[in-house]
Amino acid sequence: MRKLKLVLVALVVMAACGGCFPEKRVVWSPDGTRAAVIAADGLRFCDPQGALTDVALPAVTRAAWVGKGQRLVVVRESKASNWAELAALLPEQRVQRLRDFGERLRADLLAYTGDLDNYDPPLAAEMDEGDLGAVVLYIRDVSPEGVREHVGDERWKDVEEASVDVYFLEIGTPKAGELADVRQLAVCLGNPLGLRSDSAGRHIAYTEPGVGGLGQLMCVRADGSGQPRVVAENTGLWADFSPDGRYLAFTSTVAPRRDGEDDSLHLGVVARRQIADESGTLLAEFPEVEDLAGVLFQFESQVAYLPDGRIVFTAMEACVPSASADLPEQISLFTLAPGKRPTVARLLTRQAEREVPDALLLFEASPDGRHICLPGSKGEVVVLDVASGDLWSLTDENAADHLTTVPTWRSANELCYVYSPSGTPHQMEVALGELNFDKREQHRHVLSSDWPEEAVVDFLMSGENPQPDAEQSEQKPDNES
């Protein structure tokens, strides 16, 4: 239930999505020549030896390479402190929708005679997470008559200080350690997640927060022409383009839960929708969504295409009808082959399900589709061989204690991840592991040994012991089997 206090203070910025799981903090370009680093102080770049640039753009929260890697799409966070400032950033259609919400909420609030701490506005089910804070600004700045007297001075003080987070989806070209030729693609009130580009770099997909702990899948042209378009409602966080760029695959449900719990299980489907024609041009009208497989999924459940056209996804295996106590608690990994008769296959044996780390939702497939990285919430990094089902742990005693960044592939046999050289949580480093799958050997090269404190605070530095001792700081890259 959304209490009035939450409405008035505008605590709406992705509490269910934004800070609950790790992001990709080091994201390699497809050609492996550089990585975008979401450092503590903004966007930076590094080369394969770990040389880090100065801040290219502040307040960047996530990034993804576009097409072959000549451009980068980023999310940049800002704030709007009043309604006029906010309305100037948004399309007129969105502004009018927020005005309507504001007037409806104001009328309903003034008509409410019960305990205000228990006030649950009926239209909350119609608003997504980004709407609520904007509506607060509208009521305060445009239509406040009677509201202050009704809610009382103490609550109104919070309203006077309210501001809302605004997120800019932007695309630019990395040049000499900077992000040049930056162009705005979208303005979002909810934190856009799950950035993905098609292989040709024509389109960008992302997910805005929706209602009931689910999202709204969006697509926008990478050249900045045209407004973002809705691909599907009530979706999971992640979607992915097919290898030819014509389809987006995603999870969705037709019956979202309205309790707002981000860890809720949703009964839905893995689906896909065609968004572009054979030439790569965005369709004027999207055809109907194709439901491919029924699933039990969470908002964070991952969906990704392999190069061979199969879809990899996370879900919970269950039989229905089933009593609540008999519902599964273990997620697993599956592949789905689209076609006239889509087929689903398990990627993990039941024994492997008990051995894999617990952050399976954040899996990352290698560029050649032969291996999948499976991270754990305690910093574990395990690699799955897609063909054989074998598992290989890359961290063992050198796990980083907690997952500070989702591991990412630089190439088909190089994986970038965070580990602890000393085996303690007080020292963490970003490493690039060169993997020999046949011999089960890796050469681990530390990238972050000389990264400045302002870049790694709240990223690689533990609050208990932020300064590693001299002996640890001099540790060299190692070879490990």
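This report walks through a predicted model of one protein, from its overall make-up to a few local details.

**Overall picture**

Let us start with the whole chain. The protein has nine helices and 27 strands. Of its 481 residues, 54% are buried. Among the contacts with a separation of 6 or more, 54% join residues that lie 24 or more positions apart.

How far can the model be trusted? The mean pLDDT is 87, and 87% of the residues reach 70 or more. Two stretches deserve some care. Residues 1-20 stay under 50 in pLDDT, and the model gives them 49 contacts beyond four places in sequence. Residues 463-481 are likewise below 50, with 24 contacts in the model beyond near neighbours in sequence. Where pLDDT is low, the predicted coordinates should not be read in detail.

**Helix H3 and its two sides**

Helix H3 runs over residues 92-111 and holds 20 residues. From its first C-alpha to its last, H3 reaches 29 Å, close to the 28 Å expected at 1.5 Å a residue.

Which residues of H3 are buried? They are Arg 94, Val 95, Leu 98, Phe 101, Gly 102, Leu 105, Arg 106 and Leu 109. These residues cover an arc of only 135° around the axis, so they sit on the same side of H3. On the other side of H3, Glu 92, Gln 93 and Ala 111 are exposed. If you have the structure open, try looking at the helix with these two groups in mind.

**The loop after H3**

Tyr 112 belongs to the loop between H3 and H4. With a relative accessibility of 24%, Tyr 112 counts as partly exposed. Leaving aside neighbours within four places in sequence, Tyr 112 is in contact with Asn 118, Tyr 119 and His 150. The C-alpha atoms of Tyr 112 and His 150 are 9.3 Å apart, although 38 residues separate the two in sequence.

Thr 113 is found in the loop between H3 and helix H4 (129-141). Is Thr 113 buried or exposed? At 78% relative accessibility, Thr 113 counts as exposed. Thr 113 and His 150 are 37 residues apart in sequence and 9.4 Å apart from C-alpha to C-alpha.

**Aromatic rings and charges**

The structure holds six aromatic pairs. One of them joins Tyr 112 and Tyr 119, with 4.9 Å from centre to centre and 55° between the planes, a tilted arrangement. Tyr 119 has a relative accessible area of 1%, so it is buried, whereas Tyr 112 is partly exposed.

Another pair is formed by Tyr 417 and Tyr 419, whose ring centres are 6.5 Å apart. Why is this pair edge-to-face? The planes stand at 70°, and planes over 60 degrees apart count as edge-to-face. Both Tyr 417 and Tyr 419 are buried.

Charges also meet rings in this model. The charged end of Arg 229 sits over the ring of Phe 286, at 4.1 Å from its centre. Arg 272 lies over the face of Tyr 247, and the distance to the ring centre is 4.1 Å.

**Pro 338 and its contacts**

Arg 272 also appears in the surroundings of Pro 338. Not counting residues up to four places away in sequence, Pro 338 touches Arg 272, Leu 292, Gly 309 and Ile 311. Pro 338 is in the loop between strand E17 (331-337) and strand E18 (343-346). At 25% relative accessibility, Pro 338 counts as partly exposed. The C-alpha atom of Pro 338 is 9.9 Å from that of Asp 291, and the two residues are 47 apart along the chain.

**Two residues with a positive phi**

Most residues other than glycine have a negative phi. Asp 396 has a positive phi of about 50° although it is not a glycine, and Arg 440 has one of about 55°. Each lies in a loop between two strands, as the table shows.

| Residue | Phi | Loop between | Relative accessibility |
|---|---|---|---|
| Asp 396 | about 50° | E22 (391-393) and E23 (408-411) | 52%, exposed |
| Arg 440 | about 55° | E25 (429-436) and E26 (441-446) | 34%, partly exposed |

Note on methods
Residues are numbered from 1 along each chain as its sequence is written. This is a predicted model: local features need pLDDT of at least 70, side-chain atom pairs count only at pLDDT 80 or more; totals for chains, interfaces and linings use all residues. Side-chain values use heavy atoms; hydrogens and water are left out. Rings of Phe, Tyr and Trp (its six-membered ring) pair if their centres lie within 6.5 Å; planes under 30 degrees apart count as stacked, over 60 as edge-to-face and the rest as tilted. Buried means under 20% relative accessible area, exposed over 50%, partly exposed in between (1.4 Å probe, protein chains only). A charge sits over a ring if NZ of Lys or CZ of Arg is within 6 Å of the ring centre and within 35 degrees of the ring normal. pLDDT is the predictor's confidence in each residue, from 0 to 100. Contact means heavy atoms within 4.5 Å. Helices (H or I, at least four residues) and strands (E, at least two) are DSSP runs, numbered from the N terminus. The expected span of a helix is 1.5 Å times one less than its number of residues. The arc is that of the directions from the helix axis to the C-beta atoms.
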